[in-house]
Amino acid sequence: MTRVGLETGERWVFASALDWPGWARRGKGAEAAVEALDAYADRYAAVAGAGFAPGEL
């Protein structure tokens with residue numbers, strides 16, 4: 001399982017994978033931010049390398 005931190009602003013919510021620095025996305029609301037984070041897992045994996053195994057958010 002991957003822990004996710006949420007940072008809420010006036011217009012955006014930022015979701016960051018706490019165990020994988022640099023893997024973060026934003027959305028209009030918490031659910032949208034987490035969905036965007038999940039959608040970018042493959043792109044982050046290309047940078048993180050073979051040890052990247054995020055699990056469920």
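## A cluster of rings

Let's start with the aromatic residues. In this predicted model, Trp-20, Trp-23, Tyr-44 and Phe-52 are linked into a cluster by ring pairs. Searching the whole structure turns up 4 aromatic pairs. One of them brings together Trp-23 and Phe-52, whose ring centres are 5.3 Å apart. Their planes meet at 75°, so this pair counts as edge-to-face.

Where do Trp-23 and Phe-52 lie? Trp-23 is in the loop between β2 and β3 (24–27), while Phe-52 is in the segment after α2. The pair therefore ties together parts that are 29 residues apart in sequence. Are these two residues buried or exposed? Trp-23 is buried, because its relative accessibility is 3% and the cut-off for buried is under 20%. Phe-52 is buried too, with a relative accessible area of 12%.

## The nonpolar core

Trp-23, Tyr-44 and Phe-52 turn up again in the largest nonpolar core, which has 9 residues in all. The other members are Val-13, Ala-15, Ala-17, Ala-33, Leu-37 and Ala-41. Which elements give two or more residues to this core? They are β2, α1 (30–39) and α2 (41–48). The largest share, 3 residues, comes from β2.

Ala-33 is a handy core member to look at up close. Setting aside neighbours within four places in sequence, Ala-33 is in contact with Val-13, Phe-14 and Ala-15, and also with Arg-25, Arg-26 and Gly-27. Two of those names, Val-13 and Ala-15, are also on the list of core residues.

## Three strands side by side

Now for the sheet. It is an open one, made of 3 strands in the order β1-β2-β3, and the pairing is antiparallel. β1 and β3 are the edge strands, each pairing on one side only. From one strand to the next, the twist averages 20°.

How many bridges hold β1 and β2 together? There are 5, and the two strands pair in the antiparallel sense. Val-4 stands opposite Ala-17 in β2, and Thr-8 has Val-13 as its bridge partner in β2. A hairpin of 4 residues joins β1 to β2.

On the other side, 4 bridges join β2 to β3, and these strands also run antiparallel. Here Val-13 stands opposite Gly-27 in β3. That gives Val-13 a partner in each direction: Thr-8 and Gly-27. β2 and β3 form a hairpin as well, with 6 residues between them. In that turn, Gly-22 has a positive phi of about 95°.

## Along β1, and just before it

Thr-2 lies in the segment before β1 (4–8). Is Thr-2 buried or exposed? It is buried, with a relative accessible area of 4%. Leaving out neighbours within four places in sequence, its contacts are Ala-17, Trp-20, Trp-23, Pro-54, Gly-55, Glu-56 and Leu-57. You'll recognise Trp-20 and Trp-23 from the ring cluster.

Step into strand β1 and you reach Gly-5. Gly-5 is partly exposed, because its relative accessibility of 23% falls between the 20% cut-off for buried and the 50% cut-off for exposed. Not counting residues up to four places away in sequence, Gly-5 touches Phe-14, Ala-15, Ser-16 and Leu-18. The C-alpha atoms of Gly-5 and Ala-36 are 13 Å apart, with their positions 31 residues apart along the chain.

Thr-8 is in strand β1 too. Thr-8 counts as exposed, because its relative accessibility is 64% and the cut-off for exposed is over 50%. Thr-8 and Ala-46 are 38 residues apart along the chain, and their C-alpha atoms are separated by 28 Å.

## Charges over rings

Finally, two charged side chains are placed over aromatic rings. Arg-25 lies over the face of Tyr-40, at 3.9 Å from the ring centre. Which ring does Lys-28 lie over? It is the ring of Trp-12, with Lys-28 at 5.2 Å from the ring centre. Arg-25 has come up before, as one of the contacts of Ala-33.

Conventions. Residues are numbered from 1 along each chain as its sequence is written. This is a predicted model: local features need pLDDT of at least 70, side-chain atom pairs count only at pLDDT 80 or more; totals for chains, interfaces and linings use all residues. Side-chain values use heavy atoms; hydrogens and water are left out. Buried means under 20% relative accessible area, exposed over 50%, partly exposed in between (1.4 Å probe, protein chains only). Contact means heavy atoms within 4.5 Å. Two strands pair if DSSP finds at least two bridges between them. A nonpolar core is a set of buried Ala, Val, Leu, Ile, Met, Phe, Trp, Tyr and Cys residues joined through side-chain atoms within 4.5 Å. Rings of Phe, Tyr and Trp (its six-membered ring) pair if their centres lie within 6.5 Å; planes under 30 degrees apart count as stacked, over 60 as edge-to-face and the rest as tilted. A charge sits over a ring if NZ of Lys or CZ of Arg is within 6 Å of the ring centre and within 35 degrees of the ring normal. Axes are lines fitted to C-alpha atoms, for helices over the stretch in contact, and angles run from 0 to 180 degrees between N-to-C directions.
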